[in-house]
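Okay, thanks everyone for coming. Let me put the model up on the screen and then talk you through a few spots.

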Amino acid sequence: MQDYRTAVEDLYREAAQNAQSKLCCTLTPPWKLPGLSVPPDMLAKNYGCGTTVHPRDLAGVEKVLYVGVGAGLEALQLSYFVRKAGGVLGVDTVPEMLETAGGLLQQAAQVNDWFDPSFVSLKKGDALDLPVEDESIDLAAQNCLFNIFSRAHLAKALSEMHRVLKPHGKLVLSDPVATRPVPPHLAEDPRLRAECLSGALLLPEYLDAMVAAGFGTIEVRARRPYRVLDKERYQLNEHLLLETVEVVAIKDAIPEDGPCVFTGRAAIYVGKDERFDDGKGHVLERDLPMGICDKTAVALLALGKADLMITDSTWHYSGDGCC
Ligand SMILES: C[S@@+](CC[C@H](N)C(=O)[O-])C[C@H]1O[C@@H](n2cnc3c(N)ncnc32)[C@H](O)[C@@H]1O
C-alpha cells in the first residue's frame with residue numbers, strides 16, 4: 001500500500017485551519033450537557049464519526065488519554081466529567097491541529113464556568129508510539145482515527161493503547177466499518193483512507209484486532225449507517241454501505257474459552273422454576289433478561305431449552321441490571 005500517512009497529515013493540517021463540513025460527519029448529535037457550551041468553531045471542526053463519551057464509563061475516572069485529539073471537542077466533553085488539572089491528555093501528530101485545539105479550549109474556558117484549560121493537556125505524539133507511561137491511564141479514547149490505519153498500524157496502535165491502560169481500563173473507540181470488504185483500488189487510495197472512507201474493516205475483523213491486542217472484554221455500544229461508496233463514483237459492482245460503530249474494549253484477561261464480546265444479546269428464562277443456573281456463572285431469574293456475550297448465547301442455544309429465549313444482537317450494549 002502507498003504510504004498514506006502524508007495524505008493524513010496534509011488533510012488534517014488543512015482541516016485544522018478550515019472546517020470541512022462533510023468530513024466524518026454522522027447521524028450522532030454532539031452531546032448537549034447542562035452547563036456545557038461548545039465554541040462554534042470547535043463544533044464545526046468535529047471530525048468524529050460517533051461518540052466516545054459514555055457517562056457510565058466515567059465515574060471514578062482520573063486520567064483519560066485521547067488519541068487524535070482533533071479540535072478538542074471530545075477532550076472538552078470528557079473533561080466535563082473528570083474536572084481536574086491534567087485529567088485529560090490529548091495527543092495528535094499534526095501541530096496545526098494541536099494549535100487549533102489549544103485556542104478553542106481557551107475559548108471554551110471563556111464560556112464555561114466549570115472549565116479550566118489546565119483540565120486538558122495537549123501533546124504532540126503518535127498513536128503508534130504513545131508518549132505515555134505503561135499502565136497509567138483509566139480510560140483511553142480515539143474517534144475516527146484507527147480506521148485510517150493499515151492493518152499493521154492498527155495492531156500497533158491497539159497494542160499501544162493496551163500498554164498504557166491500567167488493568168481493567170477501558171479503550172473507547174468510534175470508527176467506520178464496512179458491510180463487505182473494501183476493494184484494493186479504494187483501500188489503497190491514500191486520500192480516501194485519510195478521509196475515513198476506505199480503510200474500514202469488516203466489524204468482526206475490527207473486533208478481532210482488539211482481541212489480538214489482548215483485550216478480553218468487548219462491548220458494541222452503537223452501530224449506525226455512515227456512508228455509501230456508490231458504484232458509479234467508486235467503480236464498484238454494487239453500492240457499498242459503510243457503518244459507524246462505537247465499541248469499548250476492556251483490558252481484562254482473555255478467558256481460556258475466548259473473549260467475551262457483548263453485542264446486545266439477552267437470555268430470558270420462562271420455565272417452571274424460580275431461576276435457571278447454567279452451572280457456568282449465569283443464573284437467570286425467571287422473566288428477567290440478562291445481557292450475555294455472544295459466546296454464552298451460542299452455548300445457551302446449544303442446550304436446546306424451549307423455556308430459554310436468546311435474543312439477537314441489538315448492537316446497543318451498555319451493561320445490564322436494573323438494581
Ligand atoms: C478524523 S480526525 C478525528 C479528530 C477527533 N477525534 C474528532 O473526533 O474530532 C483524526 C485526527 O487524528 C490525528 N492523527 C492522524 N494520524 C495520527 C496518528 N498517527 N497519531 C495521532 N493522531 C493522529 C489527525 O491530525 C486528526 O486530528
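I'll start with the parallel strands, then go to the ligand, a second sheet and a couple of odd backbone angles.

Quick housekeeping. Residues are numbered from 1 along each chain as its sequence is written. This is a predicted model, so local features need pLDDT of at least 70 and side-chain atom pairs count only at pLDDT 80 or more, while totals for chains, interfaces and linings use all residues.

Let's begin with β2, residues 88-92. When I say helix or strand, I mean DSSP runs numbered from the N terminus: H or I over at least four residues for helices, E over at least two for strands. And buried means 20 or more other C-beta atoms within 10 Å of the residue's own, exposed means 12 or fewer, partly exposed is in between, with C-beta atoms placed from the backbone. By that count, 5 of the 5 residues of β2 are buried, so the strand is largely enclosed by the rest of the structure. Look at its two faces: V88, G90 and D92 sit on one side, L89 and V91 on the other, and all are buried.

Who are its partners? Two strands pair here if DSSP finds at least two bridges between them. β1, residues 64-67, runs parallel to β2 and is joined to it by 4 bridges. V67, for instance, has V91 in β2 as its bridge partner. Between these two strands the chain goes through helix α3, residues 73-82, in a right-handed β-α-β crossover. Right-handed means that, with the strands pointing away from you, the path from the first strand over the helix to the second runs clockwise.

β3, residues 120-124, is also parallel to β2, with 5 bridges. Here V88 is partnered by V120 in β3. Helix α4, residues 95-111, completes another right-handed β-α-β unit with β2 and β3.

While we're on α4, find E99, which is in that helix. It has 14 C-beta neighbours inside 10 Å, so it counts as partly exposed. Its C-alpha is 9.8 Å from that of G70, 29 residues away along the chain.

G70 brings us to the ligand: it is one of the closest of 23 surrounding residues, along with Y12, G48, G68 and A127. The elements giving two or more residues to that shell are α1 (5-17), α3 and β2. Near, for the shell, means a C-beta atom, placed from the backbone, within 6 Å of the molecule. The shell divides into 14 nonpolar, 6 polar and 3 charged residues. For those classes, Ala, Val, Leu, Ile, Met, Phe, Trp, Tyr, Cys and Pro are nonpolar, Asp, Glu, Lys and Arg are charged, and the others, Gly among them, are polar.

Now the other sheet. It's open, with 3 strands in the order β12-β9-β13 and antiparallel pairing. β12 (290-292) and β13 are the edge strands, each pairing on one side only. β9, residues 265-269, meets β12 over 3 bridges, and A266 stands opposite G291 in β12.

Last, two non-glycine residues with positive phi. C196 has phi near 60° and lies in the loop between α7 (190-194) and α8 (203-212). With 24 C-beta neighbours inside 10 Å, C196 counts as buried. W315 has a phi of about 65° and is in the segment after β13 (308-310). Buried or partly exposed, then, for W315? It has 17 C-beta neighbours inside 10 Å, so W315 counts as partly exposed.
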